[in-house]
Amino acid sequence: MTAASQEGQQAGKRVLLAKPRGYCAGVDRAVVTVEKVLEKYGPPVYVRKEIVHNRHVVENLRERGVIFVEDVSEVPEGARVVFSAHGVSPAVHQEAADRDLRTIDATCPLVTKVHKEVNRFDREDYDILLIGHEGHEEVEGTAGEAPDNVQLVDTAEDVDKVEVRDPSKVVWLSQTTLSVDETMERVDQLRGRFPHLADPPSDDICYATSNRQVAVKAMAAECDLVLVVGSTNSSNSKRLVEVALQAGASAAHLIDYPNEVDEAWLDGVRTVGVTSGASVPDVLVMELLDWLAERGWSDVDEVTTANEKISFALPRELRDSSPVR
Ligand code: SF4
């Protein structure tokens, strides 16, 4: 035992480590998809938007020859492009086809499920109220399935602005990575205006988002500080910070790397909670645990609220030996 950890134990310093945390099945599938395309065809591989919202993952793939673009118009005609886990609208698929791009779609199947719900309710001529964050890629892709019949509801103020054609034919759907509690608040507000508001056929907030929130809630009240490993553009990671604070953590911060921890945050702290967003490889959490151990927080207890066993098959083009066109 090092002097730091001995001293830490005497001072009652400990770490509570949330489980589940980190990579979800959709992120794993998306990252492996890009790796397989790199392996099979070699660089450069074009990816529309960040494949997943994590700095480390994106920087690592960039070093290996991935070119991230904002728009398919930046991909040379006829080249190969991967669509990110967040999904794309039919307009993007069409633009890619017009440019004769060879596409591989790494959209998470749970995002695709929400796209299909939009299609179904659009066919049935519902007004669709999509709860989500304005400007988020997933929301743009989902709303793009039926741009004329989808209205985005982000803030409480947005609820008042909604206008529908027939109040008896209104349904709410949501982005997959929201705070469960906040979303239900928004639904209650909407239902106050539209008592016949229909619910989604199944939860749109995905298992990974809700499981990570349950895990951080279970430990937050015991924590003087919660550190969430994740990037600032990661919706589900940002929600973990909010949920930790709402569930009683004295402080909570989002960091990509241990060197972003302000040592002043540790003043007077005994219990540090650690978790990570669904796009974060566990190696980054291990680096944070090492960093904390060097400062006396070497006593780590895992707080387990679920064991995840979900995995998704790779996109069809990568499952067998058939070449990607
Ligand atoms: S967070 Fe949920 S919806 Fe997003 S990629 Fe992971 S499993 Fe899919």
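Here is a walk through this predicted model, from its domains to its annotated sites and then to one helix.

Let's start with the overall layout. The domain assignment splits the protein into domain 1 (3-23 + 207-304), domain 2 (25-108) and domain 3 (110-193). Note that domain 1 is built from two stretches of sequence, 3-23 and 207-304. Taken over C-alpha atoms, the centres of domain 1 and domain 2 are 31 Å apart. The two do touch, though: ten residues of domain 1 are in contact with eight residues of domain 2. On the domain 1 side of that contact you'll find five nonpolar residues, four polar ones and one charged one.

Now for the cysteines. An unreviewed UniProt entry lists Cys 24, Cys 108 and Cys 206 under "binding site". They are spread over 183 residues of sequence, yet they cluster in space, with a largest C-alpha distance of 10.3 Å. Take Cys 108, which sits in the loop between β5 (102-105) and α5 (109-123). It has 26 C-beta neighbours inside 10 Å, and the cut-off for buried is 20 or more, so Cys 108 counts as buried. Beyond its close sequence neighbours (those within four places), Cys 108 is in contact with Gly 26, Ala 30 and Ala 85. Cys 206 is in a loop too, the one between α8 (180-193) and α9 (207-220). With 25 C-beta neighbours inside 10 Å, Cys 206 is likewise buried. Its contacts, again leaving out residues within four places in sequence, are Leu 110 and Thr 176.

The same kind of record gives another "binding site" list, also from an unreviewed UniProt entry: His 53, His 86, His 136, Ser 234, Ser 235, Asn 236 and Ser 279. Two of its histidines are worth a look. His 86 is in the loop between β4 (80-83) and α4 (90-98), while His 136 is in the loop between β6 (127-131) and α6 (137-143). Which of the labels buried, partly exposed or exposed does each one get? His 86 is buried, because 28 other C-beta atoms lie within 10 Å. His 136 has 19 such neighbours inside 10 Å and so counts as partly exposed; the cut-off for buried is 20. As for partners, His 86 touches Lys 49, Val 111, Glu 137, Glu 138 and Gly 141, not counting residues up to four places away. With residues within four places again left out, His 136 is in contact with Gln 175 and with Ser 235, a residue that is itself on the UniProt list.

Leu 110 and Val 111 have come up as contact partners of Cys 206 and His 86, and both are among the buried residues of α5, so let's finish with that helix. At 1.5 Å a residue, its 15 residues should span 21 Å, and the end C-alpha atoms are indeed 21 Å apart. The buried residues of α5 are Leu 110, Val 111, Val 114, His 115, Glu 117, Val 118 and Phe 121. Looking down the axis of α5, these fall within an arc of 160°, so they line one face of the helix. What do they pack against? The answer is α2 (25-41), β6, α6, β7 (150-153) and β8 (170-174). On the face turned away from the buried side, α5 carries the exposed residues Lys 116 and Arg 123. Just past the end of α5, Asp 125 takes a positive phi of about 65°.

Methods
Residues are numbered from 1 along each chain as its sequence is written. This is a predicted model: local features need pLDDT of at least 70, side-chain atom pairs count only at pLDDT 80 or more; totals for chains, interfaces and linings use all residues. UniProt positions are given in the numbering used here, feature names are shortened, and annotations may be inferred rather than shown by experiment. Helices (H or I, at least four residues) and strands (E, at least two) are DSSP runs, numbered from the N terminus. A residue is buried if 20 or more other C-beta atoms lie within 10 Å of its own, exposed if 12 or fewer, and partly exposed in between; C-beta atoms are placed from the backbone. Two residues are in contact if their C-beta atoms, placed from the backbone, lie within 7 Å. Domain bounds come from an automatic or database domain assignment. Ala, Val, Leu, Ile, Met, Phe, Trp, Tyr, Cys and Pro count as nonpolar, Asp, Glu, Lys and Arg as charged, and the others, Gly among them, as polar. The expected span of a helix is 1.5 Å times one less than its number of residues. The arc is that of the directions from the helix axis to the C-beta atoms.
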